[in-house]
Amino acid sequence: MAHAIMVVGTSSNVGKSAICTALCKILADAGYRVAPFKAQNMSLNAAVTPKGAEIGRAQAVQAEACGIEPNEHMNPVLLKPTAFNASQVVLQGQVYGTKTTESYFREQRQAIWAKVEESYRALEQRFDVIVIEGAGSPVEINLKEHDIANMRVADMADADVILVADIDRGGVFASVVGTLALLSPAERARVKGVIVNKFRGNANLFAEGVRMLEELAGVPVLGVVPYVLDIGIDEEDSLGLAGDRYSQPEGAGENLLQIGVVQVPHISNFNDFDPLFAVPGVSVRFCQRPQDLAGCHAVILPGTKNTIEDLRWLQERGFFAPIWHAFAGGAAIVGICGGYQMLGIEVEDPFGVESGERWSSGLHLLPVRTVMAQNKATYQAEGETTLYSGIHVSGYEIHMGETLPLVGTRPFAQITRRGEGVRRDDGAVWHAGRVVGTYLHGVFDNDAFREAWLQSIRGRFRLETSTRGERSFRERRWDAICRFADVVRANIDTATVRTWIEQRASNG
């Protein structure tokens with residue numbers, strides 16, 4: 001029987017996901033068989049497991065920190081907002097349906113909660129420790145009867161709970177003491193410690209604050225974790241767009257390659273662009289206004305959970321003309337997943353898969369047509385791009401639609417989906433490679449492809465040539481996990497956490 005350690009937060013975006021990732025690595029390094037778990041995740045940043053199940057991106061990263069492959073039981077419920085008051089519900093890795101908030105609340109008490117419990121039991125049979133991540137705050141008292149992500153999970157798993165608070169946003173005393181006060185006595189008894197996260201400056205200066213917090217809360221402070229600028233671990237959801245990684249200054253200079261990513265309202269898997277932010281001589285910005293695209297050498301349309309509504313948003317906000325103008329000026333145009341669909345002639349949604357809108361004209365930059373399907377494609381895939389001969393690419397697909405070329409295009413890549421063994425075409429290339437569409441998320445993680453694409457843009461605009469770094473992006477991502485785990489290890493009382501595990505094991 002596994003021992004459960006649960007991390008809850010005083011609010012959203014206090015650093016729960018990163019702390020859980022660090023704990024997974026620390027405990028795995030200590031010799032435990034560790035797995036992550038988050039009962040319910042609301043996020044448009046998703047990942048695909050080797051068996052083709054869709055889960056939250058954060059749990060896939062946490063599985064990597066544990067040294068294991070991700071599976072559908074690590075995040076049994078994934079909510080992907082499609083429109084106001086409605087979300088696609090992914091249950092144990094597969095689409096369950098699109099539900100309004102009201103219908104979801106009605107169903108979660110029975111069928112959905114049963115799957116949460118089933119998934120947790122499947123993990124606890126195979127691992128020594130389960131690191132559980134909560135969602136938002138555990139004391140949203142008006143919603144508590146419907147909450148299946150926090151203290152109900154702690155009770156099911158008989159978990160020792162750690163409460164994380166973000167001191168950088170202020171109000172750390174009120175948020176900790178207030179959260180504990182709103183827990184029931186039984187729930188409060190589960191809270192074994194507090195972590196103060198994102199502290200700027202010398203933590204010794206907060207020693208008196210720690211003493212006062214322990215006195216007021218009646219719970220030990222396990223540690224004070226310093227503020228780490230751009231942790232480098234994949235963001236869980238769109239709240240991360242306001243973080244350090246994406247606040248990169250635009251920079252100036254003739255040789256700076258400018259990339260604009262259009263931040264559509266239903267943007268998904270924006271971690272696709274993390275590798276571009278790490279390249280010297282490249283400035284990347286998320287664009288919410290048409291004028292933000294001015295001067296861009298490349299424009300990227302990202303994934304979206306609602307292609308037709310986001311196409312309408314692009315039209316209404318006046319993005320079509322600046323995108324066409326960028327293309328006419330020689331800029332590279334790339335669409336990934338929903339962005340690929342938007343680049344085409346039209347998008348049709350005959351079954352209302354994503355919204356009530358049934359049709360929209362596209363940007364007409366690729367001669368392709370998309371029809372939304374009722375079945376979702378979720379695959380890991382790899383192959384070779386036709387854009388640059390012999391360059392290997394890998395990634396993952398998450399999409400509801402099928403996109404068909406109309407005339408004259410060539411595929412972006414020829415890929416094989418994991419578990420299929422059949423070679424197939426992916427995406428489309430047009431205008432001598434200046435317009436590219438692909439269903440492959442993670443395509444920029446591929447170092448050789450990323451550098452070839454950037455070099456082609458540099459050559460077209462006569463920008464200064466840049467050399468690729470020594471380490472691959474995937475290595476840098478792993479280094480970021482290890483680095484943050486070392487920070488947490490050095491600043492919290494991990495010995496006490498291990499004592500909880502050993503005491504429970506000895507009590508049998």
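## A tour of helix pairs and hollows

Start by selecting S17, C20, T21, C24, K25 and A28 in α1, then add A58, V61, Q62, A65 and C66 in α2: these two sets meet each other. By class, this α1–α2 contact holds seven nonpolar, three polar and one charged residues. Bear in mind as you go that you're looking at a predicted model.

Now show the two helices whole. α1 covers residues 16–29, and its axis sits 7 Å from that of α2, at an angle of about 20°. Angles under 35 degrees count as roughly parallel, so α1 is roughly parallel to α2. Look at the handedness too: α1 passes α2 in a right-handed crossing.

**Next stop: α1 against α13**

Keep α1 on screen and bring up α13, residues 473–491. How do their axes cross? The angle is roughly 85°, and the axes come within 8 Å. The two helices are therefore roughly perpendicular to each other. For the contact itself, select A18, I19, T21, A22, K25, I26 and D29 on α1, and W478, I481, C482, F484, A485, V488 and R489 on α13. Colour that selection by class and you'll get 10 nonpolar, one polar and three charged residues. Notice that T21 and K25 are part of this contact, and that both also turn up among the α1 residues meeting α2.

**The second largest pocket**

Stay with α2 and α13, since both help line the second largest pocket, each supplying at least two residues. β4 (46–48), β21 and β22 do likewise. Which element gives the most? That's α2, with five residues. To centre your view, pick V48, R57, Q380, Y396 and R474, which lie nearest the middle of the pocket among its 24 lining residues. The space here is about 640 Å³. If you're thinking about the character of the walls, the lining splits into 10 nonpolar, six polar and eight charged residues.

**The cavity**

Follow β21 (368–385) and β22 (392–405) onwards: along with α11 (338–342), they're the elements that give two or more residues to the lining of the largest cavity. How many cavities of 30 Å³ or more are there? The count comes to one. About 140 Å³ of space lies in the largest cavity. Zoom in on T304, K305, C337, I398 and H399, the residues nearest its centre out of 17 in the lining. β22 gives the most here, with four residues. The class breakdown of this lining is four nonpolar, nine polar and four charged residues.

**Last stop: α5 and α7**

Finish with one more helix pair: α5, residues 172–182, and α7, residues 207–217. Their axes come within 10 Å and cross at roughly 20°, and α5 and α7 are therefore roughly parallel to each other. The crossing of α5 and α7 is right-handed. Select F173, V176, V177 and L180 on α5, then G209, M212, L213, L216 and A217 on α7, to see the residues that make the contact. Eight of these count as nonpolar and one as polar, with no charged residues in the α5–α7 contact.

Note on methods:
Residues are numbered from 1 along each chain as its sequence is written. This is a predicted model: local features need pLDDT of at least 70, side-chain atom pairs count only at pLDDT 80 or more; totals for chains, interfaces and linings use all residues. Side-chain values use heavy atoms; hydrogens and water are left out. Axes are lines fitted to C-alpha atoms, for helices over the stretch in contact, and angles run from 0 to 180 degrees between N-to-C directions. Angles under 35 degrees count as roughly parallel, over 145 as roughly antiparallel, 65 to 115 as roughly perpendicular and the rest as oblique. A crossing is left-handed if the near helix is turned anticlockwise from the far one by less than a right angle, and right-handed if clockwise. Contact means heavy atoms within 4.5 Å. Ala, Val, Leu, Ile, Met, Phe, Trp, Tyr, Cys and Pro count as nonpolar, Asp, Glu, Lys and Arg as charged, and the others, Gly among them, as polar. On a 1 Å grid over the protein atoms alone, a cavity is a set of points where a 1.4 Å probe fits but cannot get out, and a pocket is an open set with protein on both sides within 12 Å along at least five of seven lines; lining residues have an atom within 4 Å of a point. Grid points are joined across faces, edges and corners, and a volume is the space filled by probe spheres set on the points.
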